[in-house]
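Dear colleague,

Please find below the structure that I am handing over to you. My findings follow it.

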Amino acid sequence: MRRFGKGKKFDERKYYHFKLSCARKDNVSPKQAHLYAKELAAILFPDDECVIATHTDTKTVHSHIIVNAVNPIMGKKLRITESDYTKMKDEANRLGSEFGYTKTDFRKKAQNKRTTEESHIILKGGSSWKKNTTGIPDFEIDSLARALLPAIQAYFATEEGQREFAAWQAERQQRQLNKKLNNKESR
């Protein structure tokens, strides 16, 4: 990657990571899972470097496909859009059906789906803000929230609360603007 002047920036994408697993009821062996991942990688990334690792350390045998984000021969950067992800999942389903595996309905809305921001926090070792990590039972937190909500709403209905909220919004917008400007400068 460095040969082509790419991959130098800390926050620049250096690889893509895909997890490929079949339904438990398919009883896929590690060898079959690895072959499935290998064939899928050959179809999806014929000109790119891939590393495939197949795991048996969970209840479901699964494979990881790691793809170099920079083509080692041409130096071209791999860019995958949301539309590409959808096509890739369709291809995984198509190939999986050839292997006799259960089709995954990835278009169905997931329950408790994580936001992009939440996923980044978790990847950096943080925890989800949706997950209660306080040790306080959820019913007590809910009870406290119900007790505090009217007071919070009353405060923000006052002039002082409105000023504070407006100041918070302005500060937030400024942070977002600074972030955009920093991203443009780093390109």
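A disulfide is taken here as a pair of cysteine sulfur atoms within 2.5 Å. On that basis, a search of the whole structure, which is a predicted model, finds zero disulfides. Two cysteines may nevertheless be of interest to you. C22 is buried, because its relative accessible area of 12% is under 20%. C50, by contrast, has a relative accessible area of 30% and is therefore partly exposed.

I turn next to the aromatic residues. A pair of aromatic rings is described by the distance of the centres and the angle of the planes. The search of the whole structure yields seven aromatic pairs. One of them joins Y36 and Y101: the ring centres lie 5.2 Å apart and the planes stand at 65 degrees, so this pair is edge-to-face, the class for angles over 60 degrees. The two residues are 65 residues apart, and their pair links distant parts of the chain. Y36 belongs to helix α1 (residues 30–44), whereas Y101 sits in the loop between α2 (82–99) and α3 (116–123). Both partners are shielded: Y36 counts as buried at 6% relative accessibility, and Y101 counts as buried at 9%. In addition, Y16, F18, F45 and Y85 form one aromatic cluster.

A charged residue in helix α2 also deserves mention, namely E91. With a relative accessible area of 17%, E91 is buried, because that value falls under the 20% limit. Which residues does E91 contact, leaving aside its neighbours within four places in sequence? They are L40, I43 and L44.

Finally, I describe one pair of helices. Two packed helices are described by the angle between their axes and the distance between the axes. Helix α4 covers residues 138–157 and helix α5 covers residues 159–185; their axes come within 4 Å and cross at roughly 85 degrees. This angle lies in the range of 65 to 115 degrees, and α4 is therefore roughly perpendicular to α5. On the side of α4, the contact is made by Y155, F156 and A157. On the side of α5, the residues involved are E159, E160, G161, Q162, E164 and F165. Sorted by class, this contact has four nonpolar, two polar and three charged residues.

Yours sincerely

Key
Residues numbered from 1 in each chain as written. Predicted model: local features only at pLDDT ≥ 70, side-chain atom pairs only at ≥ 80, totals over all residues. Heavy atoms only, no water. Axes fitted to C-alpha atoms, helices over the stretch in contact; angles between N-to-C directions. Parallel < 35°, antiparallel > 145°, perpendicular 65-115°, else oblique. Contact = heavy atoms within 4.5 Å. Phe/Tyr/Trp six-rings, centres within 6.5 Å; stacked < 30°, edge-to-face > 60°. Buried < 20%, exposed > 50% of the residue type's maximum accessible area, 1.4 Å probe, protein only.
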